[in-house]
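The following paragraphs guide a new reader through selected features of a protein structure. Please keep the sequence and the model in view while reading.

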Amino acid sequence: MSNITISHPTFFKLLGIPGLESSYFYIGCIFFLVYVISVMGNITLLIIIRIDQSLHHPIYFFLCMLSLVDLALTTATTPKVVGILWFNSQEIYFEACLMQMFFIHSFATMESAALLAMAFDRYIAICHPLRYTTLLTNQLIFSIGVALVIRGVLCVMPLPILFLRLSLCNNSVIHHSFCDHIAVVKLACSDTNLNSLYGLVVAMLIVALDLVFIWSYILILHAVFQLASRDARSKALSTCASHICAIVMFYLTVVLLSVVQRFAKNVPLYIVILLANVYLMLPPLTNPIVYGVKTQQVRNRILSLYRRH
């Protein structure tokens with residue numbers, strides 16, 4: 001028992017992406033570029049929706065929620081990861097690590113809920129268009145936003161709390177580029193079954209529950225093909241295709257990462273870490289394109305501002 005300590009270290013050391021040290025500068029350049037584009041894209045989207053009164057509709061309010069979550073999600077991880085890759089800034093305070101763990105997983109949960117809210121909006125707009133304004137009131141939209149935040153916080157709060165009860169080994173080196181729950185829990189010498197089980201159950205329940213509701217897109221597509229106008233069908237299908245593309249990208253990376261982390265024992269560690277970074281960086285990068293640029297009203301507003309300047 002001499003190698004176990006109940007006290008917690010002042011610092012953890014994040015290794016970055018072990019096995020790809022020779023490529024750190026180039027990987028850092030890619031991550032930094034993705035971060036800058038993500039921040040600029042989401043901020044632009046928020047500004048346009050804020051200043052254009054014609055965009056003050058439920059779908060764009062939900063899009064604002066998604067952009068805010070994306071900004072928080074990518075900012076919680078990418079600057080630290082780039083700092084490790086470029087400046088070897090591997091140390092992170094114990095408390096900061098737990099905060100990063102909490103923020104990463106809570107914002108990812110909020111991301112899933114925001115996609116669910118947007119799927120609900122499209123379902124009402126296409127399947128029940130005459131009731132759209134009466135169902136999606138400002139009060140309901142606000143309530144959905146509050147519920148989105150509360151669910152993310154309550155579901156993820158037990159993760160750092162459960163970690164505090166663990167006895168840590170004398171090793172404070174995290175084999176990851178950020179404080180991922182599974183990577184941090186591996187430092188413990190005591191029984192981590194409860195931590196792992198809770199993390200897996202929450203992830204599966206959230207993903208499974210949200211995917212069940214997002215299956216409403218099947219009903220949407222059925223309603224779309226019932227439309228008499230060919231132009232109306234084309235427009236609705238274009239909108240649905242963009243939304244489905246964003247949903248598939250998010251959940252595909254979630255499921256793939258979960259499977260690789262827990263069951264693919266022979267996969268190199270750097271593949272797991274790169275996949276985890278893609279999972280956190282891809283939605284903030286692609287969502288402004290999928291939901292913003294491909295939406296005609298937003299695209300027209302961007303082009304009008306560009307022409308004016």
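In this predicted model, a suitable place to begin is Phe 32, which has a relative accessible area of 40% and is therefore partly exposed, since that class lies between the limits of 20% for buried and 50% for exposed residues. Phe 32 is situated in helix α1.

Phe 32 also belongs to a nonpolar patch on the surface, which it forms together with Phe 25, Tyr 26, Trp 86 and Phe 87. Taken together, these residues have about 610 Å² of accessible area. Which helices each supply at least two residues of this patch? They are α1, spanning residues 24-51, and α3, spanning residues 78-87. The most is given by α1, with 3 residues.

The cysteines form a second topic. In general, a disulfide is a covalent bond between the sulfur atoms of two cysteines. The structure contains 2 disulfides, and when bonded cysteines are counted along the chain, the pattern of pairing is 1-3, 2-4.

One disulfide connects Cys 97 with Cys 179, at an S to S distance of 2.0 Å. The pair links distant parts of the chain, 82 residues apart. Cys 97 lies in helix α4 (residues 94-127), while Cys 179 lies in the loop between β5 (173-174) and α8 (181-185). Is this disulfide left-handed or right-handed? The torsion about the S-S bond of Cys 97 and Cys 179 is about -120°, so the disulfide is left-handed. Both Cys 97 and Cys 179 are buried.

Another disulfide connects Cys 169 with Cys 189, at an S to S distance of 1.5 Å. Cys 169 is found in strand β4 (residues 168-169) and Cys 189 in the loop between α8 and α9 (193-214), so this pair ties together parts that are 20 residues apart in sequence. The torsion about the S-S bond of Cys 169 and Cys 189 is about 135°, which means that this disulfide is right-handed. Cys 169 counts as partly exposed because its relative accessibility is 21%, and Cys 189 likewise counts as partly exposed, at 28%.

Two further cysteines may be considered for their accessibility. Cys 29 has a relative accessible area of 30% and is therefore partly exposed. Cys 64 has a relative accessibility of 16%, so it counts as buried, the limit for that class being under 20%.

How values were computed
Residues numbered from 1 in each chain as written. Predicted model: local features only at pLDDT ≥ 70, side-chain atom pairs only at ≥ 80, totals over all residues. Heavy atoms only, no water. Patch = residues over 30% accessible without salt bridge, like charges linked within 9 Å, V, L, I, M, F, W, Y side chains within 5 Å. Areas by Shrake-Rupley, 256 points an atom, 1.4 Å probe, with all protein chains shown as cover. Salt bridge = Lys/Arg side-chain N within 4 Å of Asp/Glu carboxyl O. Helix = DSSP H or I, 4+ residues; strand = E, 2+ residues; numbered from the N terminus. Buried < 20%, exposed > 50% of the residue type's maximum accessible area, 1.4 Å probe, protein only. Disulfide = S-S within 2.5 Å.
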